[in-house]
Each structure stands twice: as structure tokens, then as C-alpha cells.
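Reader: I'm new to this, and I keep meeting words that seem to need a rule behind them. Could we go through some of them together?

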Amino acid sequence: MDYELALDHALNRLHDEGRYRTFIDIVREKGAYPKAVWTRPDGTRKEITVWCGNDYLGMGQNPVVLAAMHEALDAVGAGSGGTRNISGTTAYHKALEAELADLHGKEAALVFGSAYIANDATLSTLRRLFPGLIIYSDELNHASMIEGIKRGAGEKRIFRHNDLTHLRALLAADDPAAPKLIAFESVYSMDGDFGPIREICDLAAEFNALTYLDEVHAVGMYGPRGAGIAEKLGETRIDIFNGTLGKAFGVYGGYVAGSARMMDALRSYAPGFIFTTSLPPAVAAGAAASIRFLKGPEGAKLREAQQLHARILKMRLKALGMPIIDHGSHIVPVVIGDPVHTKMLSDMLLEEFGIYVQPINFPTVPRGTERLRFTPSPVHDAKQIDHLVRSIDALWSRCALNRAEASA
């Protein structure tokens, strides 16, 4: 095989389809986010506003978080020095897991290098813990869940997105004695819609199935203490929660939370946990401080401000006839429907108006639904929202995009 030629074919295919991904080189400035500095390919620099980040509440620059990280860094140094089994479990990791267990009202939690790894490692390991396990997965589940479900021997059933009738039919068709698990999300990040948590828990109780809920885009954002949509609903029947420390909490890492016995089994069997270096103590300390902060009244204020800014942005884009998707969450997708046009708008917003929003293309979203995905935060102000709305309106008109057609 001509390996270089094969690589060229693979990359050219992405270019031809208009969905080759370009990394935007930015530097955030502490205390000034969402402002950042973009370094162009030619080395010149431009001040921009980030509108597509996952630091949903600006906690990546919160003084409480930074102080905790500095203190840990000064006390114990940079890395953890090992896996969790071999010298890499510290007081900082234990404190973080205690905060996470408390957040979700569970007995225990396990911290992983990322929420992707946590999903992949946990879902694949559950098949080893429960021989014959059948996993029922929403068709729009995140790639990390899909990978975890696919790995290892075992049956899987894919139910239509949020379709309870289809899920019930799949559950009813299988052996009542077989172990079962329903895997789904609370907030689906590309459309910003919600999973029917209560109804799925009802089905799980009826068919004796475990529940696995990915709250990655909801933790920190919803609920009285920021535990997510399940907490907002008062739903306590979730068996395993998955979440991230890298979005609303503003740091890095992922986790699962559940019963002490479930976490002990995962700790003992999951290769993705056993054979990887643990988080640096400073990162664990910062994450724990962020969770504590967002559990309190100041966290509630940030959540309220974020929701207000999301509502304002959606209202103003709707008034212009923009083809947005609005399910009431904090995510604001504007559907363009073509990868070339999406990239063009993204590039023009960045170069001409200093607005950074990354194009979202296949396979992240289905072909024909390519979009710009805006994530307003409490640290975006009214002037920045106004600038965004006016800029995208001007470009939309200039590019002669038909709003009604795009919306359809």
C-alpha cells in the first residue's frame, strides 16, 4: 500500500465535502474571558470573543478555583506520579470524589481523565460485570457512549431519539430475566433538547433495568446545586451518572457516580481507570473547589444569568428569522444546512467581526443539518450579544442565505 497516498485520499475527501476541520489558535486571558486573542496562520493577532466554548459559566477563571489550584500546585507539585492503584491516589482525588458523590446524592464516585474515557470505560466494563447485559441506547447518544457500548461482546438495542414507545417495545421484546441497562443523556448538546428522564426511569423500574445518565452538558448548569437535570426534576432513580469537569466546572476530567458497590466494581475492573495516570492534584483541587462553589448561592446566580443571556440571544435571533433550534436549554444552534456555507460564515464572523464560533459538521451532526452552535455564558455582556446578533444578520443578508429555506 502507498500509505501517503491513502492519507491524501482521506484528507482530500474532507476538503472536497467542505468539512475539513481547522484548529483556531487562541489564547484566553484570565479575567477577560470570553475575550481571547486569535493568532492567524500568518502570525498576526486579533482580539476576538469566544462564542462556542464549553466553559459555560466562566469557572475557568474563577478566583476560588484558581486559588485552590495554586495552593495544591505549591504544596505537592505538578503531576500525581502514578495510576490510582500505584501512588496516584491523593487526598485531592478523594476530596473531589466525595464532592461529586455528594453533588449527585450517591454513595461514591470515580474520577477519570475525561468524560469520554469515563463513558467508554464504564459502559464497556458493565458488560463484564453483568454477563448477558443488553444495553438500550438512544440513537443520538454521544460518540463516547457509542464506543463503550460497542466494545466487548454483548447485545445492544438502539431506540429512536427520545421515543419512549420504541424503547418500551424493545424492552418488552427481550428476555425478562436478561440484565438490562438504558443509556441516555439529559441534555443533547447539538440540538439542546432534553431526555425524558422520569419516563425512562419508569420504564427501567417496570422492566428491571439499570439507568445510565450522561449529564455532561447539564452538571453545574441545572438544579438547585448544579447537579443537572435529574436534580432539577427531583429524580433520584438514576443508577449511574456520568459527568465532566471540563465544561461548566471549568477545569478538566470526567467521572461517574453511583452506589459504593458499583463504583468499587468499576474501580476494580475498568481498564480505562486502572491503567492510566490519575489527574494532577492541582486539577483535582480546582475541580473540587468549582463544584463546591457552584453548589452554593453564587452558583445559582451564575446559572440564572446564563439562562437569561441564552433567552435573550434566542429571542433576538428569532426576531430576525434565524433558523435556530430552541428546546429551552442553554445551547443555541443556528442551522445552516450546508458544510461549505457553515464554514464560510464561521470564517467571516471571525475575520471581519472578531466572533469565534466553530462550524459543526458531519459526523457530529447529520448531513444537511450543519450549524453554528452558540453557547452564551454569564460573562458575555449585553454589548457582546448585540454585536453578535448584528454581525450574523449582516452576513446572512450579504451571503443571500434564505432563512425560511434553512429553517425548513
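Reader: What makes the radius of gyration of this protein agree with that of a compact globule?

Author: The radius of gyration is taken over C-alpha atoms, and the globule rule is 2.2 Å times the number of residues to the power 0.38. With 408 residues, that rule gives a value near 22 Å, and the protein has 22 Å, so the two agree. Along its principal axes, the C-alpha trace spans about 60 × 55 × 55 Å. Keep in mind that this is a predicted model, where local features need pLDDT of at least 70 and side-chain atom pairs count only at pLDDT 80 or more, while totals for chains, interfaces and linings use all residues. Residues are numbered from 1 along each chain as its sequence is written, and side-chain values use heavy atoms, with hydrogens and water left out.

Reader: Why is N162 called partly exposed?

Author: Buried means under 20% relative accessible area, exposed means over 50%, and partly exposed is in between (1.4 Å probe, protein chains only). N162 has 24% relative accessibility, so it counts as partly exposed. By that rule, 53% of the 408 residues count as buried.

Reader: And what makes N208 exposed?

Author: N208 comes to 65% relative accessibility, and exposed starts over 50%, so exposed it is.

Reader: What is unusual about phi in N162 and N208?

Author: Most residues other than glycine have a negative phi, and most peptide bonds are trans. N162 isn't a glycine, yet its phi is positive, about 60°. Phi of N208 is positive too, near 55°, again in a residue other than glycine. N162 sits in the loop between β6 (155-159) and α6 (164-173), and N208 in the loop between α7 (197-206) and β10 (209-214). Those labels are DSSP runs numbered from the N terminus: helices are H or I with at least four residues, strands are E with at least two. The protein has 15 helices and 16 strands.

Reader: Which peptide bonds are cis?

Author: One is the bond from Y33 to P34, with omega near 25°. Another joins F362 and P363, where omega is about 10°. P34 is in the loop between β1 (26-28) and β2 (35-39), and P363 is in the loop between β15 (359-360) and β16 (371-374).

Reader: What makes something a nonpolar core?

Author: It's a set of buried Ala, Val, Leu, Ile, Met, Phe, Trp, Tyr and Cys residues joined through side-chain atoms within 4.5 Å. The largest one here has 54 residues, and L96, I182 and L245 touch the most other members. Helix α11 (residues 281-295) gives the largest share of this core, 7 residues. Apart from it lies another core, of 30 residues, among them I336, I355, V357 and L372.

Reader: How do you know what L96 touches?

Author: Contact means heavy atoms within 4.5 Å. Not counting residues up to four places away in sequence, L96 touches V111, L245, L279, A284, A287, A288 and I291. Across the protein, residues 24 or more positions apart account for 70% of the contacts with a separation of 6 or more.

Reader: Is I117 in helix α4 buried, exposed or partly exposed?

Author: I117 has 33% relative accessibility, which falls between the two cut-offs, so it counts as partly exposed. It belongs to helix α4 (residues 115-129). I117 touches F112, T122 and G272, not counting residues up to four places away in sequence.
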